[in-house]
Amino acid sequence: MGKPLVVVPGLVRKDAIAYLSEHVEVRQWTEKTPMPRETLKEWLREADGLWSINNVSVDADLVADAPKLKVIAQASVGYDNVKVDDLTAKGIPYGNTPHVLTETVAELAFTLVATARRRILENMEFVTSGQWAQRPSNIKGRDLSRTTLGIIGMGNIGLSISRRARAFGMTVIYHNRHPRKDDHLYMIEYRDMDSLLQDSDVVLVVTPLTEETYHMMNREAFKKMKKDALFVNVGRGKIVDTDALVDALNEGDIDYAALDVTDPEPLPPDHPLLKTGKVLVVPHIGSFTDRTRKDMAFLTADNIINGVQQKPLKTCVNE
Ligand code: DGY
């Protein structure tokens, strides 16, 4: 009997593919253009496993004619491109990569808070343009200590961000679907959404994208924030109504935004958001360090290897 067949519909780091290939036969789409969905469906007819990637919608339609499929795994903690219930209905386990990226995403999130609050990028401009001495006084930063960080989404990454914020002297409040029973241990305080928006100097979103969180940050929400507040998003771009954010920045509802995720992605260089002059945007790099991406890729490979052997996945969303 040959090795199980695993389909990889895009580029994945080579060391993880080499590791995976020790255990399974890998069929990979290596073109620079996205793999056509119909071709992927055709390849899946013979496949035992799928390494999904976040630009592929994984749903009942994709796996309708994949009789041998035993596992799907993806190298990300978020899985808004995956209809997990559709996979559960077909008895297919789905593996994501929690934990290995928690600290790395928290580091990026807090870096955005500090960089934006202290206007690091704008101030460096005065150095590179030879205007060190002439810089205007209105590019002053804002403090972190003795201010309040409001975190929307208090899972592992939210907690990890809260530890960093407290080390910088910030008070941390949070909003979540349910208050955490252990929040007193972390010295964080649950608030309803309105009270969090009203009382935070920095509002930071790190919640998954779901039907409930889609466009949760709309114009009404931005209007409830302090006018000198910073808004940070490291969750998913579609949690924010981007047009509303542009208006909120242009009309002074809030002071500034720092974003790891945007809607759309990639954000076109001529997008109105960038014209506000009040944003710091990075291209979805929350988990993008060599060590963490390697850990995520190898965990995904392990989930697939376990799945095709019909063993429990190391990290399974629908076990
Ligand atoms: C995730 O894993 O969902 C992150 O967005 C990756 O950077």
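Mentor: A quick definition before we start: helices are DSSP runs of H or I with at least four residues, strands are DSSP runs of E with at least two, and both are numbered from the N terminus. Keep in mind, too, that this is a predicted model.

Trainee: Thanks! Which loop holds Pro266?

Mentor: Pro266 follows Glu265 through a cis peptide bond, with omega about -5°. Pro264 also has a cis bond before it, from Asp263, with omega near 10°, and Pro264 is found between strand 11 (256–259) and helix 11 (272–275). Pro266 is likewise in the loop between strand 11 and helix 11.

Trainee: Where does His215 lie, and is it buried or partly exposed?

Mentor: Most residues other than glycine have a negative phi. His215 is not a glycine, yet its phi is positive, about 55°. It lies in the loop between strand 9 and helix 9 (219–224). Buried would take 20 or more C-beta neighbours; because His215 has 14 inside 10 Å, it counts as partly exposed.

Trainee: And His284, is that buried or partly exposed?

Mentor: His284 also has a positive phi, about 50°, without being a glycine. Its place is the loop between strand 12 (279–281) and helix 12 (290–308). With 19 C-beta neighbours inside 10 Å, His284 is therefore partly exposed.

Trainee: Let's go inside. Which helix gives the most to the largest nonpolar core?

Mentor: That core has 87 residues, and Ala109, Val113, Leu204 and Val232 touch the most other members. It draws at least three residues from each of domain 1 (5–99 + 291–308) and domain 2 (102–281). Val113 touches Val202, Leu204, Leu230, Val232 and Ala258, leaving aside residues up to four places away in sequence. The top contributor, with 8 residues spanning part of 102–117, is helix 4.

Trainee: How many residues does the contact take from domain 1 and from domain 2?

Mentor: The domain assignment of the chain gives domain 1 (5–99 + 291–308) and domain 2 (102–281). Over C-alpha atoms, their centres are separated by 32 Å. From domain 1 the contact takes 5 residues, and from domain 2 it takes 6 residues.

Trainee: Which residues does Leu101 touch, not counting residues up to four places away in sequence?

Mentor: Leu101 lies in the loop between strand 5 (94–95) and helix 4. It is buried because 24 other C-beta atoms lie within 10 Å. Beyond its sequence neighbours up to four places away, Leu101 touches Val77, Ser287, Thr292 and Met296.

Trainee: What are the buried residues of helix 6?

Mentor: Helix 6 (residues 156–167) reaches 17 Å from its first C-alpha to its last, close to the expected 16 Å. Its buried residues pack against several elements, including helix 4, strand 6 (148–152) and strand 9 (202–205). Those buried residues are Ile157, Gly158, Leu159, Ile161, Ser162 and Ala165.

Trainee: How does helix 5 look: what is its count of buried residues?

Mentor: Helix 5 covers residues 120–128. After it comes Gly130, with a positive phi near 75°. Helix 5 is hardly covered, and among its 9 residues the buried count is 0.

Trainee: Last one: at which residues does UniProt place the feature "domain: D-isomer specific 2-hydroxyacid dehydrogenase NAD-binding"?

Mentor: The UniProt entry behind this feature is unreviewed. In the model, the span has end C-alpha atoms 10 Å apart, with 33% helix and 16% strand. UniProt places the feature at residues 111–286.

Note on methods. Residues are numbered from 1 along each chain as its sequence is written. This is a predicted model: local features need pLDDT of at least 70, side-chain atom pairs count only at pLDDT 80 or more; totals for chains, interfaces and linings use all residues. A nonpolar core is a set of buried Ala, Val, Leu, Ile, Met, Phe, Trp, Tyr and Cys residues joined through C-beta atoms within 7 Å. A residue is buried if 20 or more other C-beta atoms lie within 10 Å of its own, exposed if 12 or fewer, and partly exposed in between; C-beta atoms are placed from the backbone. Domain bounds come from an automatic or database domain assignment. Two residues are in contact if their C-beta atoms, placed from the backbone, lie within 7 Å. The expected span of a helix is 1.5 Å times one less than its number of residues. UniProt positions are given in the numbering used here, feature names are shortened, and annotations may be inferred rather than shown by experiment.
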